[in-house]
Structures are given as structure tokens and as C-alpha cells.
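Dear colleague,

I am handing over a structure for you to look through at your own pace. Please open it alongside this message, and then read on for what was found.

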Amino acid sequence: MSEPAIQETLEEYGAMTRDLMAHYLPTPEADHYLYGPAADYPLRGGKMMRPSICIATARLFGASLEDALKVAVSIELLHNALLIHDDIEDESETRRGQPTLHMKHGIPIALNVGDALALSSLRPLIHVFPRIGPWMGLKLIEDMERMARETAEGQAMELAWRHDNTLRLAPEDYLVMVLKKTCWLATIFPCRAGALLGSRSSISEDAFMRFGFFVGAAFQISDDTLNIEAEAIYGKEACGDLLEGKRTLMLIDLLNLLRGDDLHRLVAFLSRKRSELAEDETGWVREKIIDLGCLNRARSAARGMAGAAQHEFDLTFGHFPQSRDKAFLSGLACWSLSRSH
Amino acid sequence: MTTPDKNGMTDSLSGHSDEFIRRPTLDRTDPHRNIFNAFRQSDGRKPEVFGDEKVWRSFQSGNAEEAEPSNGSSWAPGPLWDGVSESVRAGYDVINRQIEEGKATAARFASPDRGGQSQRMPEILERLIRTYSDIGSVWVELLVAATERDQPKAAKAPEGKSGSRDDVGVGVQVRASCPVTARARLYRPVAGTLTALPLRGAGPDAGEIHSVSVEPGYCVHVDVPSDAKHGTYYGILLEQGADEPAGSLTLTVGGD
């Protein structure tokens, strides 16, 4: 499937998800402290990759669109909740081109809104239970609990690295963090939930993990490289990852490559708080990442992940008849490399 | 692009059929390894030595002057990996390890009595019984819904604007300056006009509450005076033209 066709599917499934999500979010005008801010991030748009993966997989496995949409809404609500909390933890200032929620309303309100959205994600699942039965409902909840646990563990890994200013990391450490923090919510759980809905039977514990991991890793590494490359077109702040001291593949690579004074300078950069960082210091780290080839190697790594995702796709989905949903899932990994935001 | 249909299964582009699809057995499920990987360690990994050892040691000791000079032999200069093949290898290592760990975690979280199929027999039987019980509940709900649909409209009292509503079909709306609990109950279906008698307290010196009325839609409205004594009050609901009480109203002022 071509990039525009992938985009078209994302927009179509994304619009359906947003329409239904509006039913689960009270009117934004309801108040300025909970439901107004709660509708803020969902209304800002976004790629809608997570719900689209869920819907496409569910349809491929024969589930009804109605059921798939409810689970997709649940995933998107939880994703938005975690974005609010992530922005607070990362001290991010912008999200999807606008100030982050805690910058607009303060941390206490933003935290409460995040909690409310996370709990709201249960409502669409409750609505789908009478249709799929208690046994399948339990399976879905079990998988969601695993996803939530893995996501929290991944976030804890990244927070710990920054808190302790951990410097000696291997690419494998980064990939474990990405698997937990990104892939479970972005790709693995949406695939598994869709397949559960459609197949109406238990799926193995490792089903969709390899495919989901490689798609998610290609997506995340690509996201990291965009953060270094992009200026204004990117929804988040340019070089925000460096300002936040995030241990991306490129930074881990750079920590290994630098010698002597340069390494001292980078370690000193990472040990400072965001508010203490001068703009030229961030620019210096960015230059080093580009000049020493870390950016290109990260791009190569993303391509490798996308290739592995394609291989795993053939193993997992190859036996299905051709359909638009199959083509969408097949093209996701390459799309994640070619996108500009 | 075709908009998906409601059932999500029958659009022409999806190509779905009623056949049960089975995954074929594949000749190979692993990628071909890069020949260059043969020159690495036995497990295919590069030595886990990162960066400038001299600088790292100075970070560990906290004093750069005390750091031993690096002879350059213990660390491998160059990037941690060289691109596509190595990233894929690392990716497979990570995901395979995580899958194994996930299985171990799942086993840890599973109920302790969960063993082989024979040990799970009681659990499976219990699930079977629960399933039949669920089906029974659904049938009962279905019958109740069908029965309610066939009942004459007069037997069903419309909803009140607010307040509590009992299971026979009368609502209660109370205005009070202190905590109050109220419950109204109809003994039988009511078709005519409903009226309410004043509420009386239970004790010998208990007071009465006179401002009780029944509004259209079978909603009993009670105004509790601010000086009403705490305690429980009772009243009767009457249907005009009938010889016996149609229901009762219980009101508790104060308390929990």
C-alpha cells in the first residue's frame, strides 16, 4: 500500500474513532477544570495509528466494526491520558503544536485530567463486554493489564536513566525500553485486541509480539530521528529529546563515540537540568550526532526494524486473503520511515 | 476507497470468505544471517565495552587525574553497531528474551493451582456452569423485556423529574434543609388519580408533615419543614375511587 493510501486509512479509521470518542467525553464547555481540558488532546488530532491498527486487525480477523471501534476508542483514551502524564514527567512544553496541558492549566489539573481519561478508557470496554461475553471480556482485560504494566515499566526505565544520569547503555537496553514503553500500547496490544475480538478465541502469549515490536521500534527510532532533524513542522519541540536528556539510540551511540573533553562536555550536558541548558549546548550535541553519523546509523537501524517487521508480517498475516486492511498493516513499517511528522 | 460496512466482514475489498483460514507451515521462519556476523563473538555480539575507558573510569572514581590511561586495547573504537543487520539481530535478541520473560511472568501471575489440563478440570467445569448460568440470566432478561412490552400502558407510571423512584412505579421528590431518605411504594398498578395523606411520625410526641402532594406523572412531592423533628414518618397513597390504599410513603428525617 502506498503512503497516501496508508494516510487515507489512518484518516478514515481515525475519524470514526474520534466520532465515537466524542460520545465518551462530556461536552468540552462543561467545565474548565476537568472535561474541558480532557477533550483538549483528543481534539488536537494526532496520527491515530493505534486505533487504526486495532480496527484493521479486528476486521482482518472478522470482527464487527462496531466492536472494534469501541476497543479502538479505549486505546486512544488511554494513549491521551499517558501523553498528559508523559508531558509532565518529561517537562515538555509543546504537544501537537500547542502548549502541553500542564503548561496551560498547571500540573495538579493536568494530572487529574490524565487520571480521568485513563479511567474513562474502561467505559468503551464495558460497553463491548455484553457483545463478546464474559470470557472474552476477561481475556481482553488481562491483555490490557499486561500492556499497562509493560508501558509503566518502560517509562520507569527511561525515567531512571535520566534520574540517575545513566551513561553506559547498550542499544539492546534502548530496544527493551522501546518495546515496553512504546510498542505494547502502540502496536502489540492493538493487534492482539483486534485479533481477540475477531477470532473470539484465546491467542498465544507471544502472538503479534514480534511484528508489533519491529513496527513499533521502526516507528520510535524514526520519531527520534525526526526530533533531531525537524524544525517547525514537527508537532513537538525540535530537539526536545535532547533537552529532556532522553537516551535515544543516537545519544547512546554518541556516548560511545566521543572521547576526552567532548565526552566530558556531553556528560556535563546530560547532568544539567533542562532549565540550565544553553541553546548553543543543545546545538553542539545535535551537530555531533549528525557529524559522527549517529543520525544515519539510527536511520539504518529503523530501516532494519522495518524490514524485520515486514518479515514478521508475512509470517503472521501472510495467509490472509488480500484486503485493504491487510495492505494497511503490511505498509505500516515503511510508512513510519517515510513520514515527516 | 470503500467505507467499511457495519459488520466489517463483507465489503468487496476485504475479500473475506466463510472458509476457515489456516496458516501454512513455512520452510523457514528465521532471517538469513549476515556472513560478517561470523567474525564476531560466539553469540554474534560485539564486546560490551563502550566509549573512552579512561574517561569512564574518571567518572566512576570522581577524579579524572586518578584515572588509568587507556591503552586502547580494551575498547573497540567506532559505533556500537553498524546499521541494518546488527540492529535486526539486536531486535530479535531483545524480543525473544522478552517473550520468554513474559511467559515466566504470566506463569507467576497465573493462579497457583493452574497446572495441566487434568488439574484444570474443576476450573473448566465451573466455567461451564457459569456459562449456563449466564445464558439463563439472559433468557430471564429477555422474558422480562418481552412481558413489559406486552403490558398495558396504564400500568406503568411515567418517571418523575427527580428524586428516588421505587420498583413498582412511583417517584419521590423531597425538599428539605437536612438529610432525608424517602421511599414510596405502590401495592398494585394504578390507573386513576393518586393522592397522598399527611405523613405521621412513629412516636407519641412525633409531629406531622402536611405538605405532601402527588404531581402528574405519579411523583410524590414532600416539603419538609425546617423545624421537623428527626425521625421516621409514614403516609398512605390513595387512588381516587378505590376502597383500599394504593401504596405507602416512608420518610426518615435526619440520621445517616
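Below I describe a helix of chain A, then the nonpolar cores, and then chain B.

Please keep in mind throughout that this is a predicted model. I would begin with helix α9 of chain A, which runs over residues 171-199. A straight helix of 29 residues would span 42 Å at 1.5 Å a residue, whereas α9(A) spans only 36 Å between its end C-alpha atoms. When you follow α9(A) along its length, you will find a bend of about 75° at Cys183(A), and after the helix comes Arg200(A), which has a positive phi, near 55°. Because 26 of the 29 residues of α9(A) are buried, this helix is largely enclosed by the rest of the structure.

The largest nonpolar core has 107 residues, and those that touch the most other members are Ala68(A), Phe214(A), Ala218(A), Met305(A) and Ala309(A). It is α9(A) that gives this core its largest share, 17 residues. Phe214(A) is worth selecting on screen: apart from neighbours within four places in sequence, its contacts include Met305(A) and Ala309(A), and also Gly91(B). There is also a second, separate core of 24 residues, and among its members are Val172(B), Ile209(B), Cys219(B) and Leu237(B).

Turning to chain B, you will find three helices and ten strands, with the helices coming before the strands along the sequence. Of the 256 residues in chain B, 20% are buried, and among its contacts between residues at least 6 apart in sequence, 48% join residues at least 24 apart.

With best wishes

Note on methods
Residues numbered from 1 in each chain as written. Chains lettered and ligands numbered in written order. Predicted model: local features only at pLDDT ≥ 70, side-chain atom pairs only at ≥ 80, totals over all residues. Helix = DSSP H or I, 4+ residues; strand = E, 2+ residues; numbered from the N terminus. Expected span 1.5 Å × (residues − 1). Bend = angle between axes of the 7 residues up to and from the residue. Buried ≥ 20, exposed ≤ 12 C-beta atoms within 10 Å, placed from the backbone. Core = buried A, V, L, I, M, F, W, Y, C linked by C-beta atoms within 7 Å. Contact = placed C-beta atoms within 7 Å.
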